[in-house]
Amino acid sequence: MGVIAISGQAASGKTTVARELANRLNYRFVSIGELFRKIAIQRGVSLLELHRIAETDFSIDRAVDEETIREARKDNVVIEGHLVAWILRDVADVRIYLKADIKARSQRLSTRDGKSIEEALNEIRAREESNRKRYLVIYGIDINDLSLFDLIMDTTYVDARKVIDIIYDYAYNVLHNKGRF
């Protein structure tokens, strides 16, 4: 039993790491990023446009965050998303932050979404600035303050499998020592 929250920068590997970590732990996997994308599709807007709308319509983030808490309360879950560790700070057994160089993240997003590197770079910058502003206004959270994280990992030069191995070992040990696994 346990709750693992994985937050981090756009295209830092959150979804890849969280999905495989959940698989290895035999936990459920929840992607808040995927939920946000579904809302964008339902509204008929791009992901970037939904970020812009959310800057003035706080109900979007609040609904997503309520869903995050509901999923965490079900236990045995790895939840990934930009803000999940802050939202679950008192619930998560393990809080992990992933970061990477902007060039590496732009390349990853470009490859994943079939965009030019320049488009990917512009999207990352716009999304991150939107997130920073919204979370500060809505919750008073400074997403540049990483002090609540148990583990911070730079994924720029590390293969995804190695990142997952390190995080699995860390999370397993924390959960085991807390009597949650």
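Q: What makes up the lining of the largest pocket, by class?
A: In this predicted model, the lining of the largest pocket has 15 nonpolar, eleven polar and ten charged residues. Among its 36 lining residues, Ala11, Lys14, Thr15, Glu80 and Arg112 lie nearest the centre of the pocket. Ala counts as nonpolar, while Lys, Glu and Arg count as charged, so Ala11 is nonpolar, Lys14, Glu80 and Arg112 are charged, and Thr15 falls among the polar residues.

Q: Which helix gives the most to the lining of the largest pocket, and how much space lies in that pocket?
A: Helix α2 gives the most, with five residues, although α1, α2, α3, α4, α5, α6, α7 and α8 each supply at least two residues of the lining. The space in the pocket comes to about 630 Å³.

Q: What makes α3 roughly parallel to α7?
A: Helix α3, residues 47–54, and helix α7, residues 117–139, pack at an angle of about 20°, with their axes 10 Å apart. Because that angle falls under the cut-off of 35 degrees, α3 counts as roughly parallel to α7. The crossing in which α3 passes α7 is left-handed.

Q: How do you know which residues in α3 and α7 meet?
A: Contact requires heavy atoms within 4.5 Å, and on the α3 side Leu47, Leu48, His51, Arg52 and Ala54 meet Glu123, Ala126, Arg127, Ser130, Asn131 and Arg134 in α7. By class, the residues of this contact divide into four nonpolar, three polar and four charged.

Q: Why is α6 called roughly perpendicular to α7?
A: The two helices pack at an angle of about 110°, with their axes 8 Å apart. The range for this name runs from 65 to 115 degrees, which means that the angle lies inside it and α6 is roughly perpendicular to α7. In this case the crossing is right-handed. From α6, Ile102, Arg105, Ser106, Gln107, Leu109, Ser110 and Arg112 meet a set in α7 formed by Ile117, Ala120, Leu121, Glu123, Ile124, Arg127 and Glu128. This contact of α6 with α7 has six nonpolar, three polar and five charged residues. Glu123 and Arg127 in α7 thus appear in the contact with α6 and also in the contact with α3.

Q: What makes α2 roughly perpendicular to α3?
A: The axes of α2 and α3 come within 9 Å and cross at roughly 90°. Since the range is 65 to 115 degrees, that value makes α2 roughly perpendicular to α3. Phe36, Arg37, Ile39, Ala40 and Arg43 in α2 meet Leu47, Leu50, His51, Ile53 and Ala54 in α3, and the residues of the contact divide into seven nonpolar, one polar and two charged. In α3, Leu47, His51 and Ala54 belong to this contact and to the one with α7.

Q: How do the residues of the lining of the second largest pocket divide, and which helix gives the most to that lining?
A: They divide into four nonpolar, five polar and three charged. Helix α7 gives the most, with five residues. The volume of the second largest pocket is about 190 Å³, and its lining includes Trp86, Tyr97, Tyr135 and Ile143, which count as nonpolar because Trp, Tyr and Ile belong to that class. Asn131 and Glu128 are also among the lining residues; Asn131 takes part in the contact of α7 with α3, and Glu128 in the contact of α7 with α6.

Methods
Residues are numbered from 1 along each chain as its sequence is written. This is a predicted model: local features need pLDDT of at least 70, side-chain atom pairs count only at pLDDT 80 or more; totals for chains, interfaces and linings use all residues. Side-chain values use heavy atoms; hydrogens and water are left out. Axes are lines fitted to C-alpha atoms, for helices over the stretch in contact, and angles run from 0 to 180 degrees between N-to-C directions. Helices (H or I, at least four residues) and strands (E, at least two) are DSSP runs, numbered from the N terminus. Angles under 35 degrees count as roughly parallel, over 145 as roughly antiparallel, 65 to 115 as roughly perpendicular and the rest as oblique. A crossing is left-handed if the near helix is turned anticlockwise from the far one by less than a right angle, and right-handed if clockwise. On a 1 Å grid over the protein atoms alone, a cavity is a set of points where a 1.4 Å probe fits but cannot get out, and a pocket is an open set with protein on both sides within 12 Å along at least five of seven lines; lining residues have an atom within 4 Å of a point. Grid points are joined across faces, edges and corners, and a volume is the space filled by probe spheres set on the points.
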